[in-house]
Amino acid sequence: MNLEEAKKVNEEFLETFPIEKLRQLKIEEYTNAEKTSFCYWLESKTEDLGSIWGGSSYKFGIYKIVNTPKPSNKARNDGVYAWYAKYGNTAEKAYKNVLTNIVSVVEAVQKKEYEKIDNIDL
């Protein structure tokens, strides 16, 4: 991918997920199993900007279950979503915490306060 193509992918991502939309992003938009979700964009569509392929889907904090997750003391699931227990006891609470952290990262970047990102639990 050349620089112009990379800029276009970045612009498309920012147009698809502006901060105003992120603040109100529904869990289905974040982690559906389709090619429109925020998680899909991060892992696949923006791969050439910085790949996060590999590892488990827990890297997103919460994800929609496709295959039954392995039991873990660090994770929870409700049969639909699986998430890190540190984010909450329910999918709704976990998603709210994950989304709050994502918005905090974006706000820090917009303010060029990059040092704050290290303290955000993602």
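Trainee: Which helix gives the largest share of the lining of the largest pocket?
Mentor: That's H5, with 5 residues in the lining. Keep in mind that we're looking at a predicted model.

Trainee: Okay, and how much space lies in that largest pocket?
Mentor: About 640 Å³. There are 24 residues lining the largest pocket, and the closest to its centre are Phe13, Phe38, Leu42, Val105 and Val106.

Trainee: Which elements give two or more residues to that lining?
Mentor: Four helices: H1 (3–16), H2 (19–23), H4 (38–45) and H5 (91–110).

Trainee: What about chemistry, how do the lining residues of the largest pocket divide?
Mentor: You get 18 nonpolar, 5 polar and 1 charged.

Trainee: Switching over, what volume does the second largest pocket have?
Mentor: About 350 Å³. Its lining has 16 residues, and Glu43, Ser57, Tyr63, Lys64 and Val66 are the closest to the centre.

Trainee: Which elements give two or more residues there?
Mentor: H4 and strand E1 (62–64) do. The largest share comes from H4, which puts 4 residues into the lining of the second largest pocket.

Trainee: And how do the residues of that second lining divide by class?
Mentor: 7 nonpolar, 6 polar and 3 charged.

Trainee: Glu43 caught my eye. Which residue does the side chain of Glu43 meet in a salt bridge?
Mentor: Lys59, at 2.6 Å from N to O. That pair ties together distant parts of the chain: Glu43 sits in helix H4, while Lys59 is in the loop between H4 and E1, 16 residues apart.

Trainee: How many salt bridges turn up in the whole structure?
Mentor: The search finds 4, and Glu43 with Lys59 is a salt bridge too, as I said.

Trainee: New topic, helix packing. At what angle do H1 and H4 pack?
Mentor: About 175°, and the axes of H1 and H4 are 11 Å apart.

Trainee: Why are H1 and H4 called roughly antiparallel?
Mentor: Because angles over 145 degrees count as roughly antiparallel, and H1 and H4 pack at about 175°.

Trainee: Which residues make the contact?
Mentor: On H1, Val9, Glu12, Phe13 and Thr16; on H4, Phe38, Trp41, Leu42 and Lys45. By class, the contact of H1 with H4 has 5 nonpolar, 1 polar and 2 charged residues.

Trainee: Phe13, Phe38 and Leu42 sound familiar. Where did they come up before?
Mentor: They're among the residues closest to the centre of the largest pocket, and they also take part in the contact between H1 and H4.

Notes:
Residues are numbered from 1 along each chain as its sequence is written. This is a predicted model: local features need pLDDT of at least 70, side-chain atom pairs count only at pLDDT 80 or more; totals for chains, interfaces and linings use all residues. Side-chain values use heavy atoms; hydrogens and water are left out. On a 1 Å grid over the protein atoms alone, a cavity is a set of points where a 1.4 Å probe fits but cannot get out, and a pocket is an open set with protein on both sides within 12 Å along at least five of seven lines; lining residues have an atom within 4 Å of a point. Grid points are joined across faces, edges and corners, and a volume is the space filled by probe spheres set on the points. Ala, Val, Leu, Ile, Met, Phe, Trp, Tyr, Cys and Pro count as nonpolar, Asp, Glu, Lys and Arg as charged, and the others, Gly among them, as polar. Axes are lines fitted to C-alpha atoms, for helices over the stretch in contact, and angles run from 0 to 180 degrees between N-to-C directions. Contact means heavy atoms within 4.5 Å.
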